[in-house]
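Student: Please take me through one strand of this model in detail, and then connect it to the rest of the chain. I would like every term you use to come with its cut-offs.

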Amino acid sequence: MRSSNRNWLALGGAASLLASCGSEQAVAPPAPRPATPVPAPAVADEPVKIGEPYSVGGKTYVPADPVNYDEVGYASWYGEEAIGKPTANGEDFVPSAISGAHKTLPLPSYVEVTALDSGRTILVRLNDRGPFSDYKLIDLSRGAAEQLGITGDGAAAVRVRRVNPPEQEKALLRARLRAPERIDTPQPLLKVLRGRLAQVPASQPAQVQTAPPVVQAIPAASSVSRPGVSFDTPAPPTPKPTSKTTAPTKPVSGGYVVQVAALSSQSRAEALAKQIGAHAVAAGLVWRVRYGPYPSQEAAQAGVKAAAAKGFANVRVMANDAR
C-alpha cells in the first residue's frame, strides 16, 4: 500500500513539473505595432471651391465637378518663380509640395497623373488654376514633376484621372509630403492611352519633349488668383536679339530694381525675362528676373506696374546690388 502511494506521489510530482515547464515556455503575444504617424496638415481640403466661369487670354473656362474625369494630354511644371504667391484657392505655393494646377476641376481635387513614356503614376493634389494652353491638361509643381520624372524643359505626355484616395494619403499631400507611388501602368494600357493621345490636337507634339519652352505670363483675372507663369507651347531656339533697346543682362549697380522671380535655371530665367521685357541676373545659385535699375523708389513704381501688367503681383522693390 505504501508503495502504491509512493507511485501516485511520484506521478503527481512529474505532472506538476511538466505543467511548470509548460508555463515557463508560454510566449506572450506581440504588442501591436503603432500606426505610422501622419504629420499635421499644412492646409485643409474644406471648403472645396468650384468657382464661376472666368476668362484668360480671351478664352473662357467653366469650372465643373465631374466625378469620372479621365483625360490624356500634356503637362508642364512650375517652381521657384512662384514662391510666395497664392494659388487659386488661396494657399501659399510651395515648389516642393506635390500639387498641381488645372483649368476647371474643383479646388482642391486629387488626381492620379501617369507619365505615358514610363508608366510611372503619382497622386497629386490640385490647388491652382492653369495651364492656359489648349493642349495642356495640368501644370505640376516642381516636387510633383520630380516625383513623376518629367523635369525636362519641354512638356510631357500624361494621363490625368480624378480619384478619391484614402484619408491618410490626402493628409500626406496636405502636409506637403509625397504619397506612395502607384503600381506602374502596364504596357497594354499605356498603348491604349498613347493611342488616345494621338487624337489630342497639339501644335507641336513631336517637339514637346525636347524643345525649350516659351514662357507665357498668366494675365490677372478676377477669378484667377495665380499670378505665376505657365511654360506653354515649345518653340525652337532663336538667336539672341541685337537690338539696342534690349535690356542688358548685367545692369549697372546703384538705384533700385523690381524683382519678379528667382529661378534655379538660367534658361528658364532668361526665357521669362525675354517674355516680359525684363532681364535675368546671376545671384549665387539662382537667377533673378528684374526690371530696372531705377534712380529712386518712386521711379521703380514703373517696374511694379509693368510686372502687374504681365500678371505678377506682390513684386519686390529692392536696392540694386547688380548681383
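Tutor: Strand 11, residues 256–263, is mostly covered, with six of its eight residues buried; buried stands for under 20% relative accessible area, exposed for over 50%, and partly exposed for what lies in between, with a 1.4 Å probe and protein chains only. Strands (E, at least two residues) and helices (H or I, at least four) are DSSP runs numbered from the N terminus. The model is predicted, which is why local features need pLDDT of at least 70 and side-chain atom pairs count only at pLDDT 80 or more, while totals for chains, interfaces and linings use all residues. Residues are numbered from 1 along each chain as its sequence is written, and side-chain values use heavy atoms, with hydrogens and water left out.

The partner of strand 11 is strand 14, residues 316–319, to which it is joined by four bridges in an antiparallel arrangement; two strands pair when DSSP finds at least two bridges between them. Within this pairing, V258 stands opposite V317 of strand 14.

To place V258 in its packing, begin with the largest nonpolar core, which has 28 residues, and in which V111, V113, V124, I138, L140, L148 and I150 have the most contacts. Such a core is a set of buried Ala, Val, Leu, Ile, Met, Phe, Trp, Tyr and Cys residues joined through side-chain atoms within 4.5 Å. At least two residues of this core come from each of strand 3, strand 5, strand 6, strand 7, helix 2 and strand 8 (156–162). Apart from this core lies another, of 18 residues, and V258 belongs to that one, as do A261, A269 and V315 among others. Back in the 28-residue core, V113 touches R120, T121, I122, V124, I138, L140, L148, V158 and R159 when residues up to four places away in sequence are not counted, contact meaning heavy atoms within 4.5 Å.

The chain as a whole gives the setting for these cores. It comes to six helices and 14 strands, and 44% of its 323 residues are buried. Of its contacts with a separation of 6 or more, 75% are between residues 24 or more positions apart. The exposed surface is about 17,000 Å², of which carbon and sulfur atoms supply 57%, by the Shrake-Rupley method with a 1.4 Å probe and, for residues, only the protein chains shown as cover.

Specific side-chain pairs also connect separate parts of the chain. There are 12 salt bridges in the structure, each a side-chain nitrogen of Lys or Arg within 4 Å of a carboxyl oxygen of Asp or Glu. One of them joins D45 and R125 at 3.1 Å, N to O, and it links distant parts of the chain, since D45 is in the loop between helix 1 (2–25) and strand 1 (54–56) whereas R125 is in strand 6, 80 residues apart. Both of these residues, D45 and R125, are buried. A second, between E80 and R142, has an N to O distance of 2.8 Å; because E80 lies in the loop between strand 3 and strand 4 and R142 in helix 2 (142–148), the pair ties together parts that are 62 residues apart in sequence. A third joins R174 and E167 at 2.7 Å, N to O, where R174 counts as buried at 9% relative accessibility and E167 is partly exposed at 47%. Through shared partners, salt bridges join D45, E91, R125, E167 and R174 into one network.

Aromatic rings form four pairs in the whole structure, where rings of Phe, Tyr and Trp (its six-membered ring) pair if their centres lie within 6.5 Å, with planes under 30 degrees apart stacked, over 60 edge-to-face, and the rest tilted. The rings of Y78 and F93 have centres 4.6 Å apart and planes at 15 degrees, so this pair is stacked, and because Y78 lies in strand 3 (70–78) and F93 in the loop between strand 3 and strand 4, the pair ties together parts 15 residues apart in sequence. Y78 and F93 are both buried. Elsewhere, ring pairs link Y54, Y61 and F132 into a cluster.
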